[in-house]
Amino acid sequence: MAPSEMKLRSPRNALILGIAVAAAIAGFLGLRAYQQGQANLSTCGGIEPGGQRSDLIKALGAPQGTKANPTRTRLVLSFASPLFTEKPIRAVVNVRDDVVMEIDCGDGRIKTFDKY
């Protein structure tokens with residue numbers, strides 16, 4: 001084996017290549033998550049409470065997390081928001097009739113359904 005071939009196949013070069021590929025993949029996934037969060041944030045401004053949970057999921061996609069209150073009458077759904085935001089986009093759903101009661105866009109816009 002020639003010395004130049006040994007240099008190309010060294011463990012150090014393989015490690016550097018692996019790190020570069022991992023960083024590129026992480027960057028791509030981070031950018032994609034940020035773009036999805038930005039799209040959800042702009043969509044959130046146009047959503048009004050009082051609709052069905054299925055309509056909310058159609059607009060914002062599948063929730064990243066759910067949490068029920070102790071009596072299991074309200075369900076809090078958390079959706080993807082832009083990276084580096086303090087609060088996620090969340091919606092409170094009344095479990096009994098599946099109506100969205102509150103929407104918090106995570107940027108200070110909180111809308112509540114008062115006709116209940």
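Reader: How many bridges do E3 and E4 pair over, and in which sense?
Author: Keep in mind that this is a predicted model. The bridges between E3 and E4 number five. As for the sense in which E3 and E4 pair, that's antiparallel.

Reader: In that hairpin of E3 and E4, which residue takes a positive phi?
Author: Four residues sit between the two strands in this hairpin. One residue there has a phi near 65°, and that's Asp98.

Reader: What is the bridge partner of Ile103 in E5?
Author: Ile103 belongs to E4, and on the E3 side Ala91 stands opposite it. E4 is also joined to E5, residues 110-112, by three bridges, with the strands running antiparallel. Over in E5, the partner of Ile103 is Lys111.

Reader: Which residue in the turn between E4 and E5 has a positive phi?
Author: This hairpin puts five residues between E4 and E5. The phi in question is about 85°, and the residue is Gly106.

Reader: Why is E4 largely enclosed by the rest of the structure?
Author: Buried here means under 20% relative accessible area. E4 has six residues, and it counts as largely enclosed because the number of them that are buried is five.

Reader: Which residues have the most contacts inside the largest nonpolar core?
Author: That core has 14 residues. H2, H3, E2, E3 and E4 each supply at least two of them. Leu56, for one, touches Leu77, Phe79, Ala91 and Ile103, among others further than four places away in sequence. The residues with the most contacts inside the core are Leu56, Phe79 and Ile103.

How values were computed. Residues are numbered from 1 along each chain as its sequence is written. This is a predicted model: local features need pLDDT of at least 70, side-chain atom pairs count only at pLDDT 80 or more; totals for chains, interfaces and linings use all residues. Side-chain values use heavy atoms; hydrogens and water are left out. A nonpolar core is a set of buried Ala, Val, Leu, Ile, Met, Phe, Trp, Tyr and Cys residues joined through side-chain atoms within 4.5 Å. Buried means under 20% relative accessible area, exposed over 50%, partly exposed in between (1.4 Å probe, protein chains only). Contact means heavy atoms within 4.5 Å. Two strands pair if DSSP finds at least two bridges between them.
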